[in-house]
Amino acid sequence: MKKRSIIALVLALMMCVALVAACGETPPAGPTGPTDPTAGGTTNGTDASGEEVTEVHIGLLGPWTGGAAYFGVSVRNGALLYIENFNAQGGLQIRVTDRDEEGDSARAVTMYHDLVDAGVTAIIGSVTSGPTMAVVPEAFADGMPMISGTATHAGVTVNQDTGEVFTNMFRSCFIDPFQGVKMAEFAHEILSARTAAVLYAHDIDYSIGLMQAFVDRAAEIGLEVIHIETFADEAPDFTAQLTNIAAANPDVVFIPVYNRHTALIGPQSAAAGVTATMLGADGWAGTLDAIADPSTVEGAFYLTGFTYESEEQHIIDFIERFEAQYGIMPNMFAAQAYDAAAILIRAIEGAIAAGLTPGTDEFKQATIANMAATDIEGVTGRITFDRYNNPQKTAFILQIIDGEARFWGTF
C-alpha cells in the first residue's frame, strides 16, 4: 500500500497565468480552435486536401476569472491542449465553445444553458464542486454527457438526497471522501499521529466533504479529532481559529482548503504558534506560488493526483507539450483536465464509429455509455470508473521541503 520514494523531485507549479487572472484580466484563451456558437452538434467541412471531415461541437465550462481562476485557467489549458493535439491529427475535429462561470453556481447554470442553446453535444466542466453540482441535475435531465477534471465532491455524480447516480456525469479526479480518508490514514499510519485538529471552510462544498470524510475515518482508526475550527470562504484573518488550534496542541492539523486560503493560513499559523504537522489535499496545489513565506508551511504533506516523477513517455510528452504551449509547467489540475478531454473524445469517437449522428439523443447516450466503459492510461494514471462514475486511481503524496513541493511517494 505504501511506497516511499527515494528520489524527491521538485514540482515547479509556475502559474503566472493565474496571477494575471487574479488581477482581473481575462486569461489567455489558449488553443481554442473554431468556436462558432451556431455550429450545432455537428458540421461537415473539408480539410486542406478537400476531404470532408466531421466536426463535433463540445462545451468547456469553468471559472476563467474570479477567485477560482487559478484552477479554471489550469483546467482550460489542459483540456484545450489535448483537443488541439487531437485535431492536429486530422479526421474528426472537435469544435469548442467555452463559457466563464466565474466560480458562481447561479452563473454556472446560466452558462450551461447558454452552451446548450449553442448546440453542444457534450461538456467538459465545471471546475469546482459547488458550480458543478448546480449544473449536474440540469445536465442529467437533458441527457448531456459531462466530465469534470477537478470537481471532487461526492454529490457531483450522485444525488446526495436520493442516492441516484447522475449517469451522464463523470470525473477524472479523486472524490472528496477518498482524499479525506487517505489523509486520516496517512496521519495515523505514517506519521503515527494520535490527535488531530481540523480547519475548514464551512461554505465550500469541497472543504466540507473532505472534513467529514477525515473526521469519520479518524474515528474508525483511533485518530482522535480533538478540535475543529471553521471559517468563511473570503475570510482574510484566521488568527482566532489558529490560536485555538495551537492551544489544543494536536499532532496534526488537517486543512482541506484551496491555495488562496493556505497562502494566508501558513504565515498566520506560525504567528499563532501552531506546531502541528499540516495536512492538505489537492486544493493545496499552487500554494508555494501564492504564499509570501514558504517556510511557514515547511513539512506539510498534501495529496495530489499528478506527479512529475515518472518515466512514462506519454507523461513526459504531455509535460513537454504543455510547457512549449504555455511557457509553464502543468499542474495537477491541467493534467486531470487533459485526461478528462481524452476520456470524452475517445467516447465521442466510439459513438461516431457506431454510425450515430452527433447532437442526437442516441449519440449522447452512446457517448455516456462509452465513458462508463473507460479504461485508459492517462497522464494521471490508469483510469477506470466505478458504478458511481468515480475514477479508480492511485494517490500521490507531496511534502513541502525547503520551499519546494517534493514527491514523498504513493499511498
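Start by selecting strand 14 and strand 15: four bridges join them, and the two strands run antiparallel. Keep in mind as you click around that this is a predicted model. Strand 14 covers residues 375-378, and strand 15 covers residues 381-385. Look at the turn joining this pair and you'll see a hairpin, with two residues between the strands. Now pick out D375 and look across to strand 15, where T384 stands opposite.

Next, add strand 16, residues 391-392. Strand 16 pairs with strand 15 in the antiparallel sense, over two bridges. To find one spot where they meet, select F385 and then P391, its bridge partner in strand 16. Strand 15 and strand 16 make a hairpin too, with five residues between the strands. Click on N389 in that hairpin: this residue takes a positive phi near 65°.

Zoom out a little so that you can see the three strands together. They form an open sheet in the order 14-15-16, with antiparallel pairing. Which strands are at the edges? Strand 14 and strand 16 are, as each pairs on one side only. While you have side chains switched on, here's a handy rule: in a regular strand the side chains alternate between the two faces of the sheet.

Time for some helices. Select helix 2 (residues 69-88) and helix 10 (residues 313-326). Two packed helices are described by the angle between their axes and the distance between the axes. Here the angle is about 105°, and the axes are 11 Å apart. Helix 2 and helix 10 are therefore roughly perpendicular to each other. Show the side chains where they touch: from helix 2 you want N77, G78, L80, L81, E84 and N85, and from helix 10 F318, R321, F322, Q325 and Y326. Try colouring these contact residues by class, and you'll get five nonpolar, four polar and two charged.

Last stop: the holes inside. How many cavities of 30 Å³ or more does a search of the whole structure find? It finds three. The largest cavity has a volume of about 90 Å³. To get there, select V127, T150, Y206, Y258 and F333, which lie nearest its centre among the 13 residues of the lining. Then highlight helix 11, residues 332-353, which gives the most to this lining, with three residues. Colour the lining of the largest cavity by class to finish: six residues are nonpolar, six are polar and one is charged.

Notes:
Residues are numbered from 1 along each chain as its sequence is written. This is a predicted model: local features need pLDDT of at least 70, side-chain atom pairs count only at pLDDT 80 or more; totals for chains, interfaces and linings use all residues. Side-chain values use heavy atoms; hydrogens and water are left out. Two strands pair if DSSP finds at least two bridges between them. Axes are lines fitted to C-alpha atoms, for helices over the stretch in contact, and angles run from 0 to 180 degrees between N-to-C directions. Angles under 35 degrees count as roughly parallel, over 145 as roughly antiparallel, 65 to 115 as roughly perpendicular and the rest as oblique. Contact means heavy atoms within 4.5 Å. Ala, Val, Leu, Ile, Met, Phe, Trp, Tyr, Cys and Pro count as nonpolar, Asp, Glu, Lys and Arg as charged, and the others, Gly among them, as polar. On a 1 Å grid over the protein atoms alone, a cavity is a set of points where a 1.4 Å probe fits but cannot get out, and a pocket is an open set with protein on both sides within 12 Å along at least five of seven lines; lining residues have an atom within 4 Å of a point. Grid points are joined across faces, edges and corners, and a volume is the space filled by probe spheres set on the points.
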